[in-house]
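Subject: Structure for you to look at

Hello,

Please find the structure below, with my notes after it. Have it open while you read.

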Amino acid sequence: MEGRQLRPIYDALELPDTKYALNECDKLLRKHPNHYGAQALKTFILARSGRPNEALLLGQSVLSTPSAMASAHVQQGLSLAFRALGCPREEIMVYTAALAFSPNDESLHTKVFMAAARNSMFKEQHHAAVQLSKLSKQQKYVWWLVVSLLLQAKHSKDDVAAPVQLKLAERLVEKAVTDGQLTSTEELRVYLDVLDIQDKHEQMTEVMAANGQLAAMISNDPDLVTQRISLLIKIGAYDKAISAAIAALESRDNWADYKLYIGAVVALVGQAADVEAKHSLAADISSNFEKWAGVRGKARGAKLAQVALATRMHEAGHGDIAGSPEVLIWSYLAEFQQKAICYSDIMQFIVARREPSVLEYHRTQLEQRLAAARDSAANSDDAAQAWVNLEKIRYLLQALMGETDPKAWAADIEPLLKFGLGSSQARKKQPSCSDMALIASQRIIQAAFFAYSAANQREQLHSALFKALCVLESGIQLNDSSFLLKLYAIRVYLYLSCYERAQTIYDTLSIKHVQQDTLGHLIIGHGMALGCFASDMEFCYNGVTFYDRFRSKMPRDIEAVYQQGTYSNVQDFLEFQSNIVHSVQRECTHRYALRGEGFEYGNAKETLARWEEADVSSIEHTEQTLSALHDNRDVLVMGLLTPKDMAQWDLELLTRSTPMPGHDWIQAFSLIPQVMHYLVCADNESLQEKLSELTLVDNTSGTLSRQDVLLVRGIIDVGSLYIQASDLQNGIDDQLGRLLSVIRTNVPSNELEPSLFSLSSDSIRNLSAATELFTYMLALKHALSAQRLPAANAVGIALSQLRKEALKSVNALRGWVDKNTRALVEEQWLAENDGDIFADVTRFVVGSQKQTTSMVAKACTTSWLRSVKNLLSQWEKCS
């Protein structure tokens, strides 16, 4: 009967048509007001429809009716609703209430366990596992119980309970071993984890040295073999660790095993009593590396291990006992420099020793080889790749030696350009040519920042960066699959305030799934800073969609871990889930989306409703919640040729057009919507509280741009103006005048001739910030009018006059950009000046890359024009 009554609702949900489903719920509830199945499904529909408060109220009402929980329809509807609302405790309460009617229902106990496991509720998870192990003799429930105890102990703050939980877990595992119920490597890993967290390393090695089935498991699992070597080192059994490492490396080529082998030998050398013993140990390991270097498929790993060994010996104070690291580095390069991975292999060892004499040795070795490599690059792909690797080393050595002379960085760029962009190999899309074009652009950028670091030289910096763009775009034209060329092009376009072309290139990168979190920072937010609100909102919504889907998918993955028995993944999955759910980029994406919605066109009633209905409680942050955020943003993705600790040579840092948002930024742009919400709701007490918090947001960490600071201060003034206007005894002239002055200052003046430099640096950004602040002031005016406050008229008149002035100024800027910028780019950014360190680059891009250079000039002009047109449209709508 109940199922037949609910069928129309289920059918509507399958379509899916939530509006129709809600209508069907209401229709049924009009006939049967106490139909708990319909109420449960309505709760779920409301939760899915973005009405969380209503859903929670109705759901809790049904949950508080014990008899309702006997229905499977109620159980399903409510559990799905609470899961969608992010209320795991209520979801568990649904299953617990249902268990009152079916106390031995294994599936209900499993649902309790999974709900707790998905949400890191380890105490509840443990309790459910206990119930399952009592109900059923299935061995998997014993392991669920062990894993629950392990997780509870790992995350417990109770120093008394944790050891007890671990001891219990250990006993359960030992019984499983005795009963022959430890049957997989996953279960063995759980056993080892239980011992490891108790620092029982001796016992772990005994387990891993066992005979029979366990021995077979370990020998067939490379990770367990490596773990055993690591354990032997931990307990100081270096001889056994060496023997185990040799046995492992005889049958496979594993870099982790090489590093452990080296670590064990270095430790033994440190303990050796005499020089002869030290040399004997070093000779033995070197001999093994030499032997493996002659085995097909092992040469690269073994040769690189020789370099690593020599470097570690030096770091431990044992000198050249295993050979000179520098000599071995160049020996390695001689054999493998034709491989693209070579530079990544060797960079860490060059960086490890930065003494002047060592760097000078490397420079001498490089000079002996570089010219010959350049001359032979056209002979084969291998020869070209060898030159690329040497050029990367040249770049690294200049940075390590502290080179800041721009002429040194700009020297010999022309051969790189000719090979990377103008050779027959380049036309064949040879990967080494794309690498060379990238190195050339990196040198141009690096030289530019050293040459034009002073404030009065920024125009020349932009000219040089434009030339780098021409090189990058030429490389992209030849090889559209080059990820790094596109990344650098995006960064430089944004640095020059050219959003549209940066967006187009970003679209071709096909950023998907978790990359939304790691790479989204490259584009999200930049559109709003440059007037392209709609385009930026699309990226924001894509990001929000990813985070929402992740929240629904990841719990299913965690459930699968338990069902499939892949227990070693549990901790990794939980950490991954926590890192994404509490991601810095997630917070930034949501805040940008909120900002963008503030620009959506609407009349006074719609604008006020948007701010009044905003769910501001969900975006509140405290110092604790901010400190819990995890920064997953990838700042190493740009393929830097220098270590991240060298700020002057860090191109990722240098090419940031604005600071990367951090805790201060998140707090500021979480408070701004709250300020507007309480202003519109006429809640002066809460408004004053949020204004005080916003005033405390500082920029000591440098995560707010100049325009962000302008907005924060502007919103404080907007809120303060509203409070003054609410008090009929206070005048608003000073506060209003200050706000109007801030906006006028940042709207381009008709009295000053625009310039290419101002356009590519601050003009559009300042105008965008002024436009955003004006929209907030417009919302203020609507609130004052709706609340019938006398100040509404004065504010309205002032904003109307300001809008007229801004429309005139922005329209004039649009005309100037459309008419002048293309010619100015060619006159100012492509002109060849006396003493110009980039003269060779200019001649190359204007000569052999003329078509691409013209395209870049057009892309810049079009991007600026699009930004200004968007801002003009925004001012036209703000009436």
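Is Asp193 buried, exposed or partly exposed? Asp193 has a relative accessibility of 25%, so it counts as partly exposed. Please keep in mind throughout that this is a predicted model.

Salt bridges

How many salt bridges does the structure hold? There are 44 of them. I went through three.

Asp193 takes part in one, where its side chain meets that of Lys154 at 3.0 Å, N to O. Asp193 belongs to helix α11 (residues 185–197) and Lys154 to helix α9 (residues 139–154), so this salt bridge ties together parts that are 39 residues apart in sequence. Lys154 counts as partly exposed because its relative accessibility is 32%.

Helix α11 also holds both ends of another salt bridge, since Arg189 and Glu186 lie in it, 3 residues apart, which is about one turn of the helix. Their side chains meet at 3.8 Å, N to O. Arg189 and Glu186 are both buried.

The third salt bridge is between the side chains of Asp645 and Arg354, at 3.3 Å, N to O. This pair links distant parts of the chain, 291 residues apart. Asp645 sits in the loop between α36 (623–627) and α37 (651–654), and Arg354 in the loop between α20 (342–352) and α21 (356–376). With a relative accessible area of 58%, Asp645 is exposed. Why is Arg354 partly exposed? Its relative accessible area is 36%, and exposed would need over 50%.

Some salt bridges share partners, and in this way Arg491, Lys644, Asp650, Glu652 and Arg656 are joined into one network.

Aromatic pairs

The structure holds 26 aromatic pairs. One of them is formed by Phe113 and Tyr562, and it is edge-to-face, with 5.0 Å centre to centre and 90° between the planes. Phe113 is in helix α7 (residues 106–118) and Tyr562 is in helix α32 (residues 533–564), so the pair ties together parts that are 449 residues apart in sequence. Phe113 and Tyr562 are both buried.

Tyr562 also pairs with Trp144: the ring centres are 6.0 Å apart and the planes are at 75°, so this pair is edge-to-face. Trp144 lies in helix α9 and Tyr562 in helix α32, so parts that are 418 residues apart in sequence are tied together here. Trp144 has 0% relative accessibility and therefore counts as buried. For Tyr562 the relative accessible area is 1%, so Tyr562 is buried.

Which residues do the ring pairs link into a cluster? They are Phe113, Tyr141, Trp144, Tyr562 and Tyr567.

Arg252

The last item is a single residue. Arg252 is in the loop between α15 (238–251) and α16 (255–271). Its relative accessible area is 16%, so Arg252 is buried; the cut-off for buried is under 20%. What does the side chain of Arg252 reach at 3.3 Å? It reaches the backbone oxygen of Pro222. Pro222 is also among the contacts of Arg252 once neighbours within four places in sequence are left aside. The others in that list are Val225, Thr226, Asp257 and Lys298.

When you go through the model, you could take Tyr562 as a place to begin, as it appears in the pair with Phe113 and in the pair with Trp144.

Regards

Definitions and conventions. Residues numbered from 1 in each chain as written. Predicted model: local features only at pLDDT ≥ 70, side-chain atom pairs only at ≥ 80, totals over all residues. Heavy atoms only, no water. Helix = DSSP H or I, 4+ residues; strand = E, 2+ residues; numbered from the N terminus. Buried < 20%, exposed > 50% of the residue type's maximum accessible area, 1.4 Å probe, protein only. Polar contact = N/O pair within 3.5 Å; in protein donor to acceptor, adjacent residues only side chain to side chain. Contact = heavy atoms within 4.5 Å. Salt bridge = Lys/Arg side-chain N within 4 Å of Asp/Glu carboxyl O. Phe/Tyr/Trp six-rings, centres within 6.5 Å; stacked < 30°, edge-to-face > 60°.
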